[in-house]
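Good morning, everyone, and thank you for making room for a short presentation today. Please have a look at the sequence and the structure first, and then I will walk you through a few parts of it.

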Amino acid sequence: MFNRKGIALSLVLLLAVGVLFTVTGKVDAWWIFGGKDKKEENAYIQIKGSDTIVNLAQTLAEKYMEENPNVSIAVTGGGSGTGIKALINGEVDIADASRVMKDKEIQMAEDNGVEIYRVVLAMDGLSVVVNEDNPVKNLSMEDLGAIFRGEITNWKEVGGSDTPITLYGRQNSSGTFVYFRDAVLKGEYSDKMNRMNGNAQIVEAVKADKGAIGYVGIGYAAKDGKEVAGLNVMNINGSTPLDPKNVKNGSYPLARPLNQYINGKPAGAILEFLKYELSAKGEALAIEEGFYPVTPEFQKVNKETIN
């Protein structure tokens, strides 16, 4: 039988559990009676979206799980639009996006009770790539747009050989498809553009086609500042994405932030993972994958989300 002291202790313990549940929405595994005073927490984080970001996100997740075995992280691609839709529908914790969310997507999120917060994971110098045998090294933004709109159809029109231009781009669920259309074409893609499922497919197609031109994240076009074998990375408006300073100072016109979106102010395991991604370790991994550090402009965005 309980005496009065035992009953009082039981009530205190129940009250403590109730407070934990009220504050966190769940009771984490605290072993009150087992003699353990260490919190045992298992977490599962789902990430989905941009094909440009997927390799980097997988690398970050793998390294983080090695250091934090109680956290499991699943990373899948499918395109920025796919990831954003999954976040809006409450199917994932983090959406990777190589473009900013559209106003209508933010409104849809609000209608679903999803409060959008943004983190900039790294910087990308979106790269225009051609076959290594193509003698053309420089394009203006105007000519680049005309090529992908289908107005310039032969390389001889921009100083190259008499070779028909073959276009390789992404499908319309891709954030890169949207970004390139809005930043470069300012119109619609040629209906002759081959729409590929990912950056890797574009790279392989351009390597095999002497008339090809495509666009991919810098991490797919170069390693350690050098072009991937079989490709030439074009100078755009006289600037190359192969030099990180051109991305940092904005002189390369296709420099862009790589984004992650979450529902609500980050907390718990999600917050700790985001902090890792933005740490010196995370930045080093982003550089290893071929991307660039977050610029001061977007560091301010991160501070608004994580503080």
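I will talk about a sheet, then a second pair of strands, then the nonpolar cores, and at the end two residues in loops.

Before anything else, please keep in mind that what you see is a predicted model.

Let me begin with the sheet, which is open and built from five strands in the order β8-β7-β9-β5-β12, with mixed pairing between them. The strands at its edges are β8 and β12, the latter covering residues 231-233, and each of these pairs on one side only. From one strand to the next, the twist averages 30 degrees. As a reminder for those who are new to this, strands of a sheet pair through backbone hydrogen bonds, and they can do so either parallel or antiparallel.

Now let us stay with strand β7, residues 166-170. How many of the five residues of this strand are buried? Four of them are, so β7 is largely enclosed by the rest of the structure. Strand β9, residues 212-216, runs parallel to β7 and is joined to it by three bridges, while β8, residues 194-196, also pairs with β7 in the parallel sense, again over three bridges. If you look for Tyr168, you will find that its bridge partner in β9 is Gly214, and that its bridge partner in β8 is Asn194. Further along, Arg170 has Met196 as its bridge partner in β8.

The helices fit around this as follows. Together with helix α6, residues 175-185, the strands β7 and β8 make a right-handed β-α-β unit. Helix α5, which spans residues 141-149, lies across β5, β7 and β9, and it runs at about 110 degrees to β9.

Let me turn to strand β4, residues 116-125, which is mostly covered, since nine of its ten residues are buried. This strand pairs with β14, residues 255-263, in the antiparallel sense over nine bridges, and one of the partnerships is that of Gly125 with Ala255 in β14.

Next come the nonpolar cores. In soluble globular proteins, nonpolar side chains tend to be buried together. The largest core here has 52 residues, and those with the most contacts inside it are Ile45, Ile73 and Phe273. Helix α2, residues 51-67, gives the most to this core, contributing seven residues. The core also draws at least three residues from each of domain 1, which is 43-123 + 257-306, and domain 2, which is 127-249. To see what surrounds Ile45, leave aside its neighbours within four places in sequence; its contacts then include Val71, Ile73, Asp93, Ile270 and Phe273. A second, separate core has 29 residues, among them Leu144, Tyr179, Val184 and Tyr252.

Finally, there are two residues with a backbone angle that deserves a look. Most residues other than glycine have a negative phi. Asp224, however, has a positive phi of about 55 degrees although it is not a glycine, and it lies in the loop between β10 and β11. Is Asp224 buried or exposed? With a relative accessible area of 78%, Asp224 is exposed. Asn237 likewise has a positive phi of about 55 degrees without being a glycine, and it is found in the loop between β13 and α9. At 46% relative accessibility, Asn237 counts as partly exposed.

Thank you for listening.

Methods: Residues numbered from 1 in each chain as written. Predicted model: local features only at pLDDT ≥ 70, side-chain atom pairs only at ≥ 80, totals over all residues. Heavy atoms only, no water. Buried < 20%, exposed > 50% of the residue type's maximum accessible area, 1.4 Å probe, protein only. Helix = DSSP H or I, 4+ residues; strand = E, 2+ residues; numbered from the N terminus. Pairing = 2+ DSSP bridges. Right-handed = clockwise from strand over helix to strand, strands pointing away. Core = buried A, V, L, I, M, F, W, Y, C linked by side-chain atoms within 4.5 Å. Domains from an automatic or database assignment. Contact = heavy atoms within 4.5 Å. Axes fitted to C-alpha atoms, helices over the stretch in contact; angles between N-to-C directions.
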